[in-house]
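Reader: I'm new to this one. Could you walk me through it and show how you get to each label?

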Amino acid sequence: ENIINGIQTSSNSLYIHLYSKLKKEDSTYYYIEKDKKIWKIEKELTKPYYQTNGKADSKFYSYRDVQANSFVIYPYKLDSTGKLKLVPLNELKTNYSGIYKYFTKYKKELLKRKIHPKVNKNDWYKFGRSQHLTSPICESKIVVGVLSNGYKYSIDYNSTFVSSGGTAGYAMIKIPSDSDYSIYYIQALLSSKYLEWFAYWYGEIFRGSFVARGTKVLNEFPIIKIDFKNTILKNLHDNISNTQKDLNNLQTRIDKNNGDKRKQTPLQRQFRTKKQELENLLKELYDLKDKDNLIPNVSDIYAID
């Protein structure tokens, strides 16, 4: 229940727009260009979105927090009872005229989408699927690059939306707020050689050694349970969690000093040392003893750093 897919608009080119391609923005609108015309999009009906840059997307990385690079037009609002509803067409026309004019221009294209249930005269601008429309909205979650070759488990703190995908796109892992498990502990295990080796054998392999680890595969991952009443195990959980968090913070500092080799070099050295510490802790957790060496490192599986 906590491993879920992203949204499906069934027309990403109309709904999703890169920040880098904006003509301008102000406190109320994003100004986008499409078909040589500038459209005003009301920010109130948008959500931050992460758009992949392809299979070799280097910006999406386990130790780097998700940073939205786009927005998705999101024609939904919570009603007085707290239930999510599609914004009615008359309200869209009256209060969000920019989005209304934009959708109207591309109505024929939106009507051609093969979605279920089919669109009608009142909801032709809805997303292609009604599932997971609010799932990305949470304090924190792990975003999983479904088609990847390791180190594609990044934490999002900004309720960023992503697209669904069985063998592409993204999945999301939400840690319940009342859980004793740290999101960093789960992230560390997901990025470990143990679970990557599992994904390699149970996921579907594509050209270029990209492995699909969709929700079905993620649900089978062997996550080590912790008896939090056992001081030794709790401390091991906490050490793994804190070390993963330190790695994420170091990566943030490395990125901020991009181009400054004098500052980056010692940070990269610290990162490598800390990563080795994490590997030792995970080795202790999985406790495979002499069989541990039978599982190759992530870098050896895919020949990556």
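**How the labels are earned**

Author: Happy to. The protein chain has 10 helices and 15 strands. Keep in mind that this is a predicted model.

Reader: What makes the protein chain as compact as a globular protein of that length?

Author: We set its radius of gyration against the globule rule. The radius is 22 Å, and the rule gives 19 Å for 305 residues; those values are close, so the chain counts as being as compact as a globular protein of that length. As for its outline, the C-alpha atoms fill a box of roughly 65 × 45 × 40 Å along the principal axes.

Reader: How much of the protein chain counts as buried, and what supplies the area it exposes?

Author: Buried means under 20% relative accessible area, and 46% of the 305 residues count as buried. The chain exposes about 16900 Å², with carbon and sulfur atoms supplying 48% of that.

Reader: And what about contacts between residues at least 6 apart in sequence?

Author: Of those contacts, 68% join residues at least 24 apart.

Reader: How far apart are the mean positions of the positive and negative charges?

Author: They're 9 Å apart, taken over 50 positive and 33 negative charges.

Reader: Let's zoom in. Why is strand S4 called largely enclosed?

Author: Strand S4 covers residues 29-34, and 5 of its 6 residues are buried, so the rest of the structure largely encloses it.

Reader: How do you know that S3 and S4 pair?

Author: Two strands pair if there are at least two bridges between them. Strand S3 (residues 24-25) and S4 have 2 bridges, in the antiparallel sense, so the cut-off of at least two is met. In that pairing, lysine 24 stands opposite tyrosine 31 in S4. S3 and S4 also form a hairpin, with 3 residues between them.

Reader: Which strand pairs with S4 over 6 bridges?

Author: That's strand S5 (residues 37-42), again in the antiparallel sense. Isoleucine 32 stands opposite tryptophan 39 in S5, and the bridge partner of tyrosine 29 is glutamate 42. S4 and S5 form a hairpin too, with 2 residues between the strands, and aspartate 35 takes a positive phi near 55° there.

Reader: What order do the strands of this open sheet take, and why do S3 and S5 count as edges?

Author: The 3 strands run in the order S3-S4-S5, with antiparallel pairing. S3 and S5 each have a single partner strand, so one side of each is left without a neighbour in the sheet.

Reader: Which residues does tyrosine 29 contact, leaving aside neighbours within four places in sequence?

Author: Tyrosine 29, found in strand S4, is in contact with Lys40, Ile41, Glu42 and Lys43. Its C-alpha atom and that of tryptophan 39 are separated by 9.3 Å, with the two residues 10 apart along the chain.

Reader: One last spot: why is serine 191 called buried?

Author: Its relative accessible area is 7%, and the cut-off for buried is under 20%, so serine 191 qualifies as buried. Serine 191 lies in the loop between helix H5 (183-190) and helix H6 (193-202). Not counting residues up to four places away in sequence, serine 191 touches Ser62, Tyr151, Tyr153 and Val298.

Key: Residues numbered from 1 in each chain as written. Predicted model: local features only at pLDDT ≥ 70, side-chain atom pairs only at ≥ 80, totals over all residues. Heavy atoms only, no water. Helix = DSSP H or I, 4+ residues; strand = E, 2+ residues; numbered from the N terminus. Rg over C-alpha atoms; globule rule 2.2 N^0.38 Å. Buried < 20%, exposed > 50% of the residue type's maximum accessible area, 1.4 Å probe, protein only. Contact = heavy atoms within 4.5 Å. Areas by Shrake-Rupley, 256 points an atom, 1.4 Å probe, with all protein chains shown as cover. Lys, Arg positive; Asp, Glu negative; His and termini not counted. Charge placed at Lys NZ, Arg CZ, Asp CG, Glu CD.
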